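This report covers ion pairs, internal cavities and a surface patch in a single protein model. The structure is shown first, and the findings follow.

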Amino acid sequence: MNGILTPNFLKYPNTNYLKKLPILIPTCTYTTTQFAETVPTSPLTSLQCGSMLQSLTNAKSYKLGQQLHSHMISCGTLRNNTYLSTKLSAFYAICGHMDQAKVIFDQIVLKNLFLWNSMIRGYSCNGFHVKSLVLYREMMSFGQKPDNFTYPFVQKACGDLGIVEIGRRVHCEVVVCGFESDVYVGNSLLAMYSKFGKMDMAKKVFDRMPERDLTSWNTMISGSVKNGDPREAFLVFGMMGKAGLVADSATLLGLLSAVADLAALEMGRAIHAYVVHNNLARFNSFLINSLIEMYCSCNSMVAARRFFEGETKKDTVSWNSLISGYSKNTDSLESLRLFCQMVSEGVRPDQVTLVSVLGACDQITALQFTISAHSYIIKQGFEANPMVGTSLIGTYSKCGNLVCSLMVFNEMPEKTLVSWSALLAGYGLHGKGREALSFFHDMIVNGITPDEGVFTSILTACSHAGLVGEGKEIFHSMKRTYNVQPGLAHYSCLVDLLGRAGHLDEAYELIKAMEVKPTGDIWTALLSACRLHRNVELAELSAQRVFEMNPRGVGSYICLSNLYAAEKRWDDVEKVRALVRRKGLKKPPGFSFIELDKVVHRFLVGDKSHKQKEDIYAKLKELRHRLEEFGYKSDTSSVLYDVEEEVKENMLWDHSERLAIAFALINTRSGTIIRITKNLRVCGDCHTVSKLISRLMCREIIMRDIRRFHHFKDGSCSCGDYW
DNA sequence: GTAGGGTTAG
């Protein structure tokens, strides 16, 4: 890994450099499967062709089908044979090769209903929903009436496109034609309404169905989960049992999603036992992966790992589930280790794997690993994938390197709104509001209409940089110019922007004037602004709202207690603390990460567990002494305990970010940039100390806290002390 | 000769 972090690459990144990097993550080799020559050279009769085509269709053997196709052309079997041409078109449609299916479809003069259906099905099942609907209309205009085979695909297309009005009209046609009582058509209606988010309509259809099969129940179960009602899923399952039906794999998949949403581990274990008892997972890799996912969602990583290790039928999704599971359960290091193991075992990662891995990198600010993963991405040809590219933009910026984010963005062949949003968010995170605004204007000039996500990013960027006028102007332009209704997230940004800049009353007025009910997040933004500007009265009012809406969020209690402490109202501090204790809440401990030679070190407050602890504390003592000579005086207002000043000062020198800085100073050459990530906000005194150290030791320090980046250089910080 | 429900990321 040494040599990767050359200052040159970080300042002037380029793709060619990445291509030349040694392979750090072992890459896998591939063997290609050769298709056996099974098609005979002597001409086949049309009867033989027909039955062969049928079996190839059933097996979806695309390559062999192509060979048969050319055989039929060269022997003239296909000429004037509508029956075989129809079968061939259906074959290509089944295999998902719609262009080839369409060429043959167009040549057939006498199109029967089967042919129309197979084309509509092909488009609908391969993601070409609009084409599927266009063809359906075309069929009607040719005077061909649809049947019970047509509607399921048309309804699927409507559901996937989310076009509620057209879906309803198709439903009416179904009723008029008398197909509503067909169980397949009925089930497709359930699925369509579930995709629309209209479970009330799905329920109406379900109740009216003269005949229901297992799929009907399964669709209702999975629909309830997808629409955010996992408890309802269990109720439906109960009724299904009373109706005398037995769960199959699809039922269990729905229930496992419900279990994951509710983190109902016991129920999950029971389903697992049922799966094992009935040997269901053997035939269904979806079930295996769902079980892994369920254990991860229940924060039960040991069980997830045990099950994963014991399974022989693992595929890419299994690895992905576990990798993202570790990352969600704050063990990103394990997530990265697992990725390396996956590659070394010859399992090919896909774009989902890479997005998860990059997510793990940004959680622990693993810049070196990100560069290594980027190199892998280029070599494996994932560079052009918009999702992977967007993740890279976000990860580089969260790892402190905006130049690399910009390079990735510039080289992306297809920039989505999410890519733009990630870029703006990155600049915002680093306090570069002006640059973010300039990119935002580039977007507009290029004719790209921003969406909700882009507005959230740009408003956040304005907020971090204190650009009050610009932020307000953008907020008001949302509806007026771009027809985007400001949502709760945008209000939250604006309250933060106003509040942080000290316009507390204006922020409060904005909340009061909101048409919808403000969320806990919005009140939290006002609360933290009140703490910053020491407005106790308004802070108490906001805190009350936050406590009502989000009683388990320990952050807001701490915030209020901090304000009281700053005002030296120790009785009130104790009252809040007692409340926290009564509720059984715990303040998360502060810790800092630093990556050194691909190893991530984690320091807790007052950590004495590191093997270099003596050197670290000696270095801190030396630093403190030299800073005091420099005229430094501790700002103990960040210490929220009613203790002696000297004790307070000592407590400050235990803060995790200082341990990490000392560790970096000991272990890196002079001139190396120090990159640190903290899980909470950096405290006022640590901010001052970091500025001073950057001057005293001639070291640039890039520190990411829970909200933003601070670049300390030559005694000052990029945030201009506005944070 | 065709059909509906099911896993990972964002």
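In this predicted model, the salt bridges number 31. Three of the pairs are listed below, with the distance between the closest N and O atoms.

| Pair | N to O distance |
|---|---|
| Asp160 and Lys156 | 3.2 Å |
| Arg208 and Glu180 | 3.1 Å |
| Glu540 and Arg569 | 3.7 Å |

The salt bridge between Asp160 and Lys156 stays inside one element: both residues belong to helix H9, 4 residues apart, or about one turn of the helix. Asp160 counts as partly exposed because its relative accessibility is 34%, and Lys156 is also classed as partly exposed, at 29%.

Arg208 pairs with Glu180 at 3.1 Å. Arg208 sits in helix H12 (residues 199-208) and Glu180 in the loop between helix H10 (164-177) and helix H11 (183-195), so this salt bridge ties together parts that are 28 residues apart in sequence. With a relative accessibility of 51%, Arg208 counts as exposed, since the cut-off for that class is over 50%.

The salt bridge of Glu540 and Arg569 also joins a helix to a loop. Glu540 lies in helix H32 (residues 536-549), while Arg569 is in the loop between helix H33 (554-566) and helix H34 (570-582), so the pair connects parts 29 residues apart in sequence. Glu540 is partly exposed at a relative accessible area of 31%, and Arg569 is partly exposed with a value of 31%.

Apart from these pairs, a network of salt bridges links Arg305, Glu309, Glu334 and Arg337.

Turning to internal space, the model has 2 cavities of 30 Å³ or more. The volume of the largest cavity is about 70 Å³. Its lining consists of Asp496, Arg500, Ala525, Ser528, Ala529, Leu532, Arg681, Arg707 and Trp723. By type, the lining of the largest cavity comprises 4 nonpolar, 1 polar and 4 charged residues. Helix H29 (488-500) and helix H31 (520-532) each contribute at least two residues to this lining, and H31 provides the largest share, with 4 residues.

On the surface, a nonpolar patch is formed by Val130, Val134 and Leu161, which together have about 240 Å² of accessible area. Leu161 belongs to helix H9 (residues 150-161), the helix that also holds Asp160 and Lys156. Leu161 counts as partly exposed because its relative accessibility is 34%.

Terms used:
Residues numbered from 1 in each chain as written. Chains lettered and ligands numbered in written order. Predicted model: local features only at pLDDT ≥ 70, side-chain atom pairs only at ≥ 80, totals over all residues. Heavy atoms only, no water. Patch = residues over 30% accessible without salt bridge, like charges linked within 9 Å, V, L, I, M, F, W, Y side chains within 5 Å. Areas by Shrake-Rupley, 256 points an atom, 1.4 Å probe, with all protein chains shown as cover. Salt bridge = Lys/Arg side-chain N within 4 Å of Asp/Glu carboxyl O. Buried < 20%, exposed > 50% of the residue type's maximum accessible area, 1.4 Å probe, protein only. 1 Å grid on protein atoms, 1.4 Å probe; cavity = no way out; pocket = protein on both sides within 12 Å on 5 of 7 lines; lining within 4 Å. Points joined across faces, edges and corners; volume = space filled by probe spheres on them. Nonpolar A, V, L, I, M, F, W, Y, C, P; charged D, E, K, R; others polar.
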